[in-house]
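Please read this explanation with the sequence and the structure side by side. It goes from a sheet to the domains, and then to the core and the contact between chains.

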Amino acid sequence: MNTELLGIIATYAITLLIAFPLGRYIAKVFAGQRTLLDFMGPLERGIFRFCGIDPREEMNWKQHLKALLTINMLWFVYAFFLLIFQDKLPLNPDQNVGQTPDLAFNTAISFLVNCNLQHYSGESGVTYFTQLFVITFLQFVSAATGIAALVAVFKALRQKTTSQLGNFWDHLLKTTTRILLPICIVIAGILAFRGTPASFAGKDTIVTLQGDTVQVSRGPAAGMIAIKHLGTNGGGWFGANSIHPLENPDYLTNMTEAIAQLIIPIAMVFALGFFIQRKKFAYVIFGVMTAGMLALLIPTIISEVGGNPAISQMGISQATGAMEGKEVRFGPTATAYWSTITTIVSTGSVNGFHDSTMPMTGMMQLIAMMTNCFYGGCGVGILNYFIFIIIAVFISGLMVGRTPEFMGHKVEAREMKIAAIIALLHPFLILAGTALSSFAIAHGWGAGWATQPGAWLNNPGYHGFSEMLYEYTSAAANNGSGFEGLTDNNIFWNVSTGFVLILSRFLPIIGPVAIAGILASKKHVPESAGTLRTDTATFGIMTFAVIVIIAALAFFPALALGPIAEYFSLY
Amino acid sequence: MKTKDNKLFPADLVKVALSQSFVKLNPRLLIRNPVMFTVELGTLVMLIVTLYTAFSNDASQGSFGYNLTVFIVLLLTVLFGNFAEAIAEARGKAQAESLRKTREDTPAKKVLAVGEIFTDEIKVVPSSQLHKGDLFVCEPGDVIPADGEIVKGLASIDESAITGESAPVIREAGGDKSSVVGGTKVLSDRIVVRVSAGAGESFLDKMIALVEGASRQKTPNEIALTILLASFTLVFIIVCVTLKPFADFAQTPITIAAFISLFVCLIPTTIGGLLSAIGIAGMDRALRANVITKSGKAVETAGDVDVLLLDKTGTITIGNRKATNFYPTNGYDTAEFIRYSVLGSLADETPEGKSIVELAGREVSSSLSLNGAQLVPFTAETRSSGINMSNGTRIRKGAFDAIRNLSAKAGNDFPADTAEMVKKISGNGGTPLVVSVNDKVTGVIELQDIIKPGISERFERLRRMGVKTVMVTGDNPLTAKFIADKAGVDDFIAEAKPEDKMAYIRKEQQSGRLVAMMGDGTNDAPALAQADVGVAMNSGTQAAKEAGNMVDLDNDPTKLIEIVEIGKQLLMTRGTLTTFSIANDVAKYFAIVPALFILSVPALQGINIMNLHSPETAILSAVIFNAIIIPLLIPLALRGVAYKPIGASALLRRNLVIYGLGGVVVPFIGIKLIDMVVALFF
């Protein structure tokens, strides 16, 4: 086996070794059991007292969502205005200008919803002040929001019948103080020691070997890059994201960042098993998610390592695989691995240009975001998966001759309605968005626009179509990576993706929390031999099939016009 | 049981269903089924396109023949779906009608309180003129004109027209056996009956109305499934609508026929077309088992039942106790003991007495003679019965303490070994019957409850379904426990009073379980109403029948088990056909998507994995497959998917392989085969 392959296997193995105990730890934190980090207690109590919040006050699912949406709206307003007026604020050594309202709208939403689609470049689009107090702040709280919502669902699943799902503020704060912050400190330390900048100094000037003078941006980046991955945010300090040598200096930092973005999504699955005391149920979910990851990862690695047939036809050897858009210090396998995990867990950071990957890889990235539940983002991954469980439970419950039930609660019309809306939403946003932009280009819209639709795409044909499809998919999956090659900092893209972002973030949180809350308030039906068991491999396969047929097949015609057409014209 | 017409498609019903298929095209009726409604809209659009291609020279929408074919196939899709519903309705109605026919226009001897000449005058009127509360008289040979309750008299009645059981039954005023059913025949005696349901109000009438579209309510599970199917339909509307700008961008013209075909193929038409047929067929299957359901929901709930309350007598055990063993006292000759036992029982008409004679065998009884003997009947005081032979021999058989008193009075000791045996028999759930000859104890006969053959296998089957069985009996706890263990029920209620049943149901329901029970008496009515599935026996009182949500015409207590299976079958059929329908989409995508783009993007030949002949044939094969799969599955929808009690996980695995994997594979083969045929024409 070659070292490149060994490298990613080691990376994944270390991820699991950390995620499993982390999952048990997270379950303990929210079950209120003793943990190593109990010394955070006084700090948390101080914050609660300052805010006038009683963390022991139990909330039902509606109160949870109300708190969640209110605080998120507040954060949006805060971020929006800071980004517009950042040029008037301190910590701006490079004299960057304030953002335009449509860009600030897009950026504020994008970071609020844990997506981190960036229509600006970190070096010039934001200041150190907004990097820290808008970007980094939102990267923390958006990840914590997702986890806090998921913990409410955990609590709903744990009880036989209850309306009390814990306290949202308690979940939010404990996620930050006991999970995100401590791990971030460790990661930031590793990054800083490997060369990632952590200073407030402005641009540096160097003279390259060729004799050119180059301005190099710096800043207090290490901490932000740590939470960017740990919180599955993905928005880079620098425009080039983790391709940038200062954001991701060497193979070790590459491994660290790859591990950082996967540990919480995987740990949350284990935490579910520990918290509701159904470990086998969690292992089945983990199995399905891992199978999904491998189904996307293996074709990606094969197509990237195999190189580009068009280059082979010219008689040029590609011993290192398809290297366009990739960093020599990572190689095609590590880049392929990264491209898969960053799309399945909605991080969206990149260590190579997705626009340059082979068509098969591009399709795998798209499918990863279209399904959006193989591990998935912090907290929200399992929430997305939960919807598919409900649909799978409904169909397979009937198949065993009972009206469907999940965890001892009947799944009825109201829950089905919510699940159906959420399952519908994702294809709707992606396809409608792409249809809108395709229509604009095909029918010559926007003759008077500053950036005309005809000038949006750098590539014609199938690849250009993939670029648009990718942009909306990334927005709808709250992923944030870009296929790039798309001129996206203009009113059309800023506004349209902005709305996709809001809808695709909050509805998929509201839906599962509401379903879990409604289910938990129903009468508990004890299990019997005739009850459908959801912790078996069979049910796992059923869920997988539901995900494939609903989430992937709806996109088949769109994929056929993009990456599939490109693939078949290349091979 | 009545002989059942098990043909799925009798010619007369098919005719009715065919014409109903067209009537149901009415959009106002079809809108109840969102999936098929959208197909109908698509068909309408195709009609317009077909007419357009017929009268214009515009070739961009494909040839007239091609569009016409697509239009016809889509119309057939809707018609097939309608036919499925219509044939299910027709079958259910025919079944109910055949039961109802027996009592239509029978002459009724109505009692007029104030007549023209006398009070309580009797006037013959057609049964259709009877109203609830009216009184009528039935005499031997009369067919009872309407459902009712006997207010005066006692009669033996032939109920074979309803139940198929030829032995007559006794019905009498007062008590739990007072109910009579229209269409049955009075064999002896005269009864006065009060009408409990006027014409058009009986359970059968209600059932027929349920089967017919008008008053049929969707069950909660049907609603939830319809929501799921509607959302699938919506997804595919989105897929197809957005495809237009995509195709514009790729500069690929797509015909309207192709758009609509893609849409119709992707939406779950198979389950959409069969859904209501499945529900009706469930009620119909119940009716074929001679159970009238008062709502579709009741059948659905039956599939969910967790606990079954079953009466011991008649359900678990054969009616009465039977003699199983002779135990003579030590030193007494066995043959002699049996001879005396039989002598003492020959004239005894009770089931126990008969069973003793039976156990001894024909040789013993035929060798004996009762000439000149005097029968001593059972009385409450002596608690024994017997016979005084002409030679003066007194034979008595009775309860342990009764015979002990008898022998003690005569100065005889009670043999210790027999006393021991009496205890042992009681401990084994049996009843000891001590026999004395001339007030001297000669031995004991063991009477046992006979558990119905095969019943413990049925309980085992229920257990694997996840249904808990509970035996209800008036016996003491010891006997009850013994029989419960032997029959294999999970729990029992001993010395049960009607209130105990009610309390047990409440307790189970509080812990979230669904309970089914069967009952006939008026004192069962509250429990029948409380139970999630209450099956009243047809012979039961009106109150019981009103309280339950099903009526069993056979009065067969084991029917509950069948009802649970019918419910499970109904739910399973829905689930498996939904799975099949959705799994079919994989193949349809691979047929249609390449066909849409192949002309302008030749590279997409790569995903034409079925190697279909041309874009037109690919699309036609997909819609044709989509249409004909509906009638092909009608038999399955009507009969229901076989339920196998192999545990939920194994069942899921089995159905997932058959209907999930099968649903993926079958259309690949089907579409390819159809394409080969269609290619001959296009």
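Two strands are said to pair if DSSP finds at least two bridges between them. In this predicted model, the bridge partner of B:Leu310 is B:Met471, a residue of β18(B). That pair can be placed in its setting, since strand β11 (residues 307-311) and strand β18 (residues 468-472) of chain B run parallel and are joined by five bridges.

Both strands belong to an open sheet of chain B, in which seven strands follow one another in the order β10-β22-β21-β20-β11-β18-β19, with mixed pairing. At the edges of this sheet are β10 (291-293) and β19 (491-493) of chain B, each of which pairs on one side only. On average, and with direction ignored, neighbouring strands of the sheet are turned by 20° against each other. Helix α10(B) lies across β10, β20 (515-519), β21 (533-537) and β22 (550-552) of chain B, and it runs at about 110° to β21(B).

To see the wider plan of chain B, one can turn to its domain assignment, which gives domain 1 (11-96 + 208-290 + 565-678), domain 2 (107-142 + 148-195), domain 3 (304-317 + 452-562) and domain 4 (323-450). The centres of domain 1 and domain 4 of chain B, taken over C-alpha atoms, are separated by 72 Å.

What, then, lies between domain 1 and domain 3 of chain B? The largest nonpolar core has 343 residues, and those with the most contacts inside it are A:Ile390, A:Ile391, B:Val470, B:Ile592 and B:Val623. Helix α22 (residues 559-597) of chain B contributes the largest share of this core, 21 residues. Because domain 1 and domain 3 of chain B both give residues to this core, it lies between them. Apart from it lies another core, of 28 residues, which includes B:Ile356, B:Leu359, B:Phe400 and B:Leu406. As for A:Ile390, its contacts, leaving aside neighbours within four places in sequence, are with A:Phe406, A:Val411, A:Glu415, A:Ala419 and A:Ile515.

There remains the meeting of the two chains, where 60 residues of chain B are in contact with 57 residues of chain A. On the side of chain B that touches chain A, at least two residues each are supplied by α7 (220-249), α10 (296-304), α17 (455-465), α22 and α24 (648-678) of chain B, and α7(B) gives the most, with 17 residues. Sorted by class, this side of chain B has 32 nonpolar, 17 polar and 11 charged residues.

Methods: Residues are numbered from 1 along each chain as its sequence is written. Chains are lettered from A and ligands numbered from 1 in the order in which they are written. This is a predicted model: local features need pLDDT of at least 70, side-chain atom pairs count only at pLDDT 80 or more; totals for chains, interfaces and linings use all residues. A nonpolar core is a set of buried Ala, Val, Leu, Ile, Met, Phe, Trp, Tyr and Cys residues joined through C-beta atoms within 7 Å. A residue is buried if 20 or more other C-beta atoms lie within 10 Å of its own, exposed if 12 or fewer, and partly exposed in between; C-beta atoms are placed from the backbone. Helices (H or I, at least four residues) and strands (E, at least two) are DSSP runs, numbered from the N terminus. Domain bounds come from an automatic or database domain assignment. Two residues are in contact if their C-beta atoms, placed from the backbone, lie within 7 Å. Ala, Val, Leu, Ile, Met, Phe, Trp, Tyr, Cys and Pro count as nonpolar, Asp, Glu, Lys and Arg as charged, and the others, Gly among them, as polar. Axes are lines fitted to C-alpha atoms, for helices over the stretch in contact, and angles run from 0 to 180 degrees between N-to-C directions.
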